[in-house]
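Open the model in a viewer and keep the selection panel at hand. The stops below are given in the order in which to select them.

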Amino acid sequence: MPESVPLWLDCDPGHDDAFAILLAAYHPGIQLLGMSTVHGNASLEKTTRNALSVLAAIGKQDDVAVYRGASHALHRAPIHAPTDIHGESGLDGTSLLPPPPADKLAEVNSPGRTSAIDAMAAALRSCAPGTAWVTATGAVTNVAALFAAHPDLKAHVRGVSIMGGSVGNGFTPAVMGVVDGVPRVGNYTQWAEFNVLIDPEAAAAVLEDPVLAGKTTLVPLDLTHLVLATKEVQDMLLYGPEGKERVPREGRPKSDLRVMLVELLNFFAGTYRDVFGIIEGPPLHDPLAVAVILEGTEHEIPFYDYDPKSPEGPGRRERFAVEVVTDGTLEDAKHRGAPTGRTIVKLLPPGSEGVRIPRGLDIPLFWKVIEECCERADQVNKKILAKPAN
């Protein structure tokens with residue numbers, strides 16, 4: 001294994017995408033090859049602007065190339081992005097997010113700009129076989145298009161991680177919410193998670209592919225709803241961990257970046273409290289799909305791919321077959337109860353290769369790593385601010 005894991009991040013910023021970008025850009029065990037944007041939490045225009053803004057906020061605008069990806073699903077009409085979770089901009093809730101740098105925005109929108117698919121392919125081919133990961137934290141449209149256009153890359157990449165889908169039926173102890181007295185499985189509809197629902201054919205193309213399935217990790221709502229930004233977590237992000245470097249809580253937080261990140265977290269806290277009954281703090285979805293790529297390295301954040309309720313416990317590594325329901329429309333799913341976009345999961349026999357779906361992880365270590373990335377970003381921003389103006 002290389003000293004750092006090569007990663008291409010495909011995202012739709014999005015509040016929790018900001019944390020995924022922070023982790024990918026500042027973790028010492030990750031080499032961020034580049035980023036592509038996709039439709040989802042907002043329109044492609046807005047998610048692209050947001051990606052550039054987040055990179056500027058963390059001091060990485062000159063280090064990470066961004067490419068515009070798909071503005072709509074592979075085989076479905078464009079949708080009007082919802083605003084109830086992420087707001088009109090896709091990153092509402094803070095005044096501290098800088099605007100996208102004008103030169104970077106012009107570069108991304110240039111007519112002669114390399115396409116996201118070609119940029120992804122070139123970056124992955126530059127890595128040794130079996131080393132690079134592709135992580136999708138929004139719709140899987142770009143990733144499915146990548147492997148359709150370059151099928152040889154299925155064998156070339158080490159892995160694919162996707163934040164998406166949901167299992168239900170007590171897969172984990174996570175609070176999932178109730179709709180009309182029936183336990184909820186999805187988040188956007190009764191049955192479906194948003195990232196999969198808005199392009200189910202793309203999700204199916206990856207999760208049901210015989211080559212990709214065995215190297216894909218799915219991070220579903222059942223897992224992300226365990227990772228809550230509690231008051232204690234937010235205090236750590238704002239003021240630093242307990243110890244000599246911690247800023248007193250009655251004082252000013254350590255940086256504007258930390259304030260911005262916590263403001264982003266709290267923007268959608270009310271929705272999770274009112275809709276899902278998650279009262280301890282909002283869940284953080286997308287950075288988990290980045291964290292899982294550290295498996296097998298010295299920086300590993302342990303994810304648990306076994307059923308703690310089974311007699312075998314850790315002795316049985318679980319792998320799954322995942323089927324995505326592609327019948328029906330978004331309107332059918334929203335208004336007529338159709339299971340469009342549902343991820344139907346089947347446990348495979350012991351020793352089989354299939355999709356990895358963790359049931360848990362070392363949550364305190366995960367938050368510790370996020371805070372450490374905040375500290376690295378703070379140090380870079382201090383150096384940028386200290387440079388004399390031209």
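This is a predicted model. Begin with the internal space: a search of the whole structure finds one cavity of 30 Å³ or more. The largest cavity holds about 40 Å³ of space. To locate it, select His39, His72, Ala73, Arg76, Ala77, Pro78, Ile79 and Ile198, which line the largest cavity. By class, that lining has five nonpolar residues, two polar and one charged.

Next, show the strands. Six of them make an open sheet in the order β3-β2-β1-β4-β5-β8, and the pairing is parallel. Go to the edges: β3 (66-68) and β8 (216-219) each have a single partner strand, so one side of each has no neighbour in the sheet. On average, neighbouring strands in this sheet are turned by 20° against each other, direction ignored.

Stay at the β8 end and select β5, residues 159-163. Strand β5 runs parallel to β8 and is joined to it by four bridges. For a single pair to label, take Val160, which stands opposite Thr216 in β8. Then add helix α5, residues 141-149, which packs on the sheet. Helix α5 touches β1 (5-11), β2 (30-37), β4 (133-136) and β5, and its direction makes about 145° with that of β4.

Now move to the helices, with α11 as the next selection. Which helix has an axis that comes within 8 Å of that of α11 and crosses it at roughly 145°? It is α1, residues 15-26. On the α1 side, select His15, Ala18, Phe19 and Leu22; on the α11 side, Leu261, Leu264, Leu265 and Phe267 make the contact. Seven residues of this contact are nonpolar and one is polar, with no charged residues.

Keep α11 (residues 256-267) and add α15 (residues 363-386): these two helices pack with their axes 9 Å apart, at an angle of about 135°. Helices α11 and α15 are therefore oblique to each other, since an angle counts as roughly antiparallel over 145 degrees and as roughly perpendicular from 65 to 115. From α11, the contact takes Leu257, Arg258 and Leu261; from α15, it takes Glu371, Cys374, Glu375, Ala377, Asp378 and Asn381. Colour these by class: the contact of α11 with α15 has four nonpolar, one polar and four charged residues.

For a last view, display Leu261 of α11 alone. Leu261 takes part in the contact with α1 and also in the contact with α15.

Conventions: Residues numbered from 1 in each chain as written. Predicted model: local features only at pLDDT ≥ 70, side-chain atom pairs only at ≥ 80, totals over all residues. Heavy atoms only, no water. Axes fitted to C-alpha atoms, helices over the stretch in contact; angles between N-to-C directions. Parallel < 35°, antiparallel > 145°, perpendicular 65-115°, else oblique. Contact = heavy atoms within 4.5 Å. Nonpolar A, V, L, I, M, F, W, Y, C, P; charged D, E, K, R; others polar. Pairing = 2+ DSSP bridges. 1 Å grid on protein atoms, 1.4 Å probe; cavity = no way out; pocket = protein on both sides within 12 Å on 5 of 7 lines; lining within 4 Å. Points joined across faces, edges and corners; volume = space filled by probe spheres on them.
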